[in-house]
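Colleague: I have a model open and want to learn how to read it. Can you take me through it feature by feature?

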Amino acid sequence: MRKDLINGVLTIALSVFIFFYAATFSKGGFSFAENPSLYPRMLAGILFLLGSSLVFQTLLKRKRAVNKKAATTPPEEKTGPEPEGKTRVLKIAAALIGFVVITWIVGFIIAALLFCFLAPLILGTTKKTAIIVSLSLTVVISVLFFLFFKVPVPHGILIG
Amino acid sequence: MNWSLYTAGWHLLDLNVVVFMVIGVVLGIIVGALPGLTATMGVSILIPLTYSLSPTAAILMLLGIYCAANYAGSISATLINIPGTPSAVMTTLDAYPMALRGEAGRAIGIATVSSALGGLFSVVTLALMAPFIASVALKFTSLEMFLVAFWGISIMAYISPGSMTKGLISGFIGLLIATIGYDPLTAVSRMTFGSVNLLSGVNFIAAMIGLFGVTEIFLNIEKSLKTEKQELFKVERSFSAFKEVKSLWGVLTRSSIIGVIVGAIPGAGGTIASIVAYAQQKRLSKHPEQLGKGSPEGIAAAESANNACTGGAMTTLLSLGIPGDAVTAIMIGAFVLHGLTPGPMLFTKNFDLVSAIVIGMAIINVLFLVFGLFGAKYFAKLLFIPRPILNTGILALCVIGTYAIQSSMFDVSVMLAFGILGYGMSKMEVPRAAMVLAIILGPLMEENFRRWLSISNGDVAGTIWQSVSHNPVTIVMLVLVTITLVMPLFQKTKLVSEDASAFVKKQLDEKKE
């Protein structure tokens, strides 16, 4: 329920921001249908209604749940992913961002060698496996793209 | 109807097309057999690779992945009791108990033949229905095209798991994302926040790779690190499945019809089709008590339905430009990448391609039938691939694949941003499919909406009344949109998703007992 409340509030905030930001698109001189801000503002208005509706629904549900609390059995405990799971995702996301930045600077091959070594390590393999994965994946992907699909891999701004 | 349409499949004689169709089927079986990888992810990651191919080769390769992955989910469902794709969830209930009895080969055989027959049935429906629907759709006005697109998004929001409000929020945010870039009527830049890279809008293939490729891998990584070695059942080739399936023709026909209908509903997809078909089979079977305990009927119902969905989903995609499920939504990207727009115009401008798609889909179903019957035991070995290696490889493919779309590192950043957004949405229980569909259909919706507004010249109510009184299609579309939006207010639970998940839960509980 807390998640839905956050979803609702974020939607309202986004819709308000878009509504006012979209007002800057129109410089005047356009007919009603031609106005470039019309459609985004209309969408923002609907989003505002949807966000408010979600907040309202959630608060109503919460009120009902409080009323029924005494009469019902406690809800089943949710078994979500273990906390290490989220840490792992954060580490992989950081590695992926690093991969993109390094690709942009020095090109795909060096970046892929680093990422394909680091990611398996984060995911629990040994160093030896990570080295093998890094070399083989980089070679396979580069060859596959360059020779088979004829798509050049990025070279990076330093190498050109 | 112009039957000569289906004689124009000469593209299929090209060796290149045949090779990529076979590659697609093999990749599809690999993607489907590995739990955690889905057809949606496979197609989204591989779309950029089709850039250098001919449109026919590209689309048939992706269709190969789509159809074969839908089938191959049954391999891991049989061997390790985990559906390879979500649509194989009902197959697990009967295929695994059969494997426990030492009949893994028989279970995979029935699943393979049923999947292929369901798929072939849906191709016939596609061939018959798509030209008819397209000929009607050609007469649509801008208001009706807008309503069709809006209905597609609202029904996807309705069917998505969770509340419809969240589905609609996801859809409307997708529509807002689609407005980024030049305004289609006045060329004024919108929502670009001063970025030159955003002037041509968000590349929706990059967005899809992020939302379905990267997000799915993040979710996989979060779940577990365990890659314990599993004992697999011995898979013997089972050609006797043909004989066995012969006695199940009633189940196959019924389930295939269900599959085609569910497939044509935007957003429903193979999982819901297999659940609905399985539930019907349980209701109509002479031996309902055997379902869930290793019954061939259960496998045939689930597998024929989930593969029959492919033809249903392609029918609406080709004839209306409205995808039937997430995979066909993503496949629009492949059409756009090759300068094509799925929809009724495809039947007048590119009928040779439509012809090749229909005939190619039939061949794809035969191909995975052959590969499945002869090679299931080899594909089963894929289940030993360590997850960390697989996940690393897919993430690297996401990066290079996105770059390949238009050699742009900015697109890669967009992909990454959508990957993180998708993960956040998943954690906040907001469905992603409606957003993807809205990003794709957004430009079509806006263009038709504003064109209609221009024509109405400010008299919105008068123009609607004029359309309604002259064209029954407008009434039908308005009624459909209203029903979809209003229905959730009058029912306590969703008709499809929640009933379906309740049914699966009940079946699993019964099985545990």
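Modeller: Start with burial in chain B. Buried residues make up 62% of its 513 residues. Keep in mind that this is a predicted model.

Colleague: What share of the 160 residues of chain A counts as buried?

Modeller: In chain A, 31% of the residues count as buried.

Colleague: How many helices and strands does chain B have?

Modeller: Chain B has 21 helices and two strands. Chain A comes to five helices and zero strands. Read from the N terminus, the order in chain A is α-α-α-α-α.

Colleague: Before I go further, how confident is the prediction for chain B?

Modeller: The mean pLDDT of chain B is 84, and 89% of its residues reach 70 or more. Then look at the extremes. Within chain B, confidence is lowest in helix 21 (residues 497-512), at a mean of 59. It is highest in helix 17 of chain B, at 94. Where pLDDT is low, the predicted coordinates should not be read in detail. For the model overall, ipTM is 0.89 and pTM is 0.81.

Colleague: Which domains is chain A divided into?

Modeller: Domain 1 covers 2-68 and domain 2 covers 83-148. Their C-alpha centres lie 39 Å apart. You can check the spread with a residue pair. Ser15(A) and Thr138(A) are 123 residues apart along the chain, and their C-alpha atoms are separated by 43 Å.

Colleague: Where does Ser15(A) sit, and is it buried or exposed?

Modeller: Ser15(A) is found in helix 1 (residues 2-22) of chain A. Count its neighbours. Ser15(A) has 25 other C-beta atoms within 10 Å, so it is buried; the cut-off for buried is 20 or more. Setting aside residues up to four places away in sequence, Ser15(A) touches Ala44(A), Leu47(A), Phe48(A) and Gly51(A).

Colleague: Now the sequence range of contacts. What share joins residues at least 24 apart in each chain?

Modeller: Take contacts between residues at least 6 apart in sequence. In chain B, 79% of these join residues at least 24 apart. In chain A, the share is 60%.

Colleague: How do I read a nonpolar core?

Modeller: In soluble globular proteins, nonpolar side chains tend to be buried together. Here the largest nonpolar core has 219 residues, and Leu62(B) and Phe368(B) touch the most other members. Helix 3 (residues 55-79) of chain B gives the largest share of this core, 17 residues. The core also draws at least three residues from each of domain 1 (2-68) and domain 2 (83-148) of chain A.

Colleague: Which residues is Leu62(B) in contact with, leaving aside neighbours within four places in sequence?

Modeller: The list is Gly24(B), Val43(B), Leu46(B), Ile47(B), Thr50(B), Met331(B) and Ala334(B).

Colleague: Next, the side of chain B that touches chain A. How many residues are in contact?

Modeller: 51 residues of chain B are in contact with 53 residues of chain A. Several elements of chain B give two or more residues to this side: helix 7 (164-178), helix 8 (204-223), helix 16 (387-406), helix 17 (409-427) and helix 18 (433-456). The largest share, 12 residues, comes from helix 16 of chain B. By class, this side of chain B has 32 nonpolar, 11 polar and eight charged residues.

Colleague: Back to single helices. What should I check in helix 12 of chain B?

Modeller: Check its span, then its cover. Helix 12 (residues 296-320) has 25 residues and reaches 36 Å from its first C-alpha to its last. That is close to the 36 Å expected at 1.5 Å a residue. Helix 12 of chain B is mostly covered, with 25 of its 25 residues buried. Just after this helix, Gly321(B) takes a positive phi of about 80°.

Colleague: Where else is phi positive, in a residue other than glycine?

Modeller: Two cases to look at are Ser407(B), with phi near 45°, and Glu429(B), with phi of about 60°. Ser407(B) is in the loop between helix 16 and helix 17 of chain B. Glu429(B) lies in the loop between helix 17 and helix 18 of chain B.

Colleague: Is each of them exposed or partly exposed?

Modeller: Ser407(B) counts as exposed because it has 11 C-beta neighbours inside 10 Å. Glu429(B) has 13 other C-beta atoms within 10 Å, so it is partly exposed. The cut-off for exposed is 12 or fewer.

Note on methods
Residues are numbered from 1 along each chain as its sequence is written. Chains are lettered from A and ligands numbered from 1 in the order in which they are written. Domain bounds come from an automatic or database domain assignment. Two residues are in contact if their C-beta atoms, placed from the backbone, lie within 7 Å. Helices (H or I, at least four residues) and strands (E, at least two) are DSSP runs, numbered from the N terminus. Ala, Val, Leu, Ile, Met, Phe, Trp, Tyr, Cys and Pro count as nonpolar, Asp, Glu, Lys and Arg as charged, and the others, Gly among them, as polar. The expected span of a helix is 1.5 Å times one less than its number of residues. A nonpolar core is a set of buried Ala, Val, Leu, Ile, Met, Phe, Trp, Tyr and Cys residues joined through C-beta atoms within 7 Å. pLDDT is the predictor's confidence in each residue, from 0 to 100.
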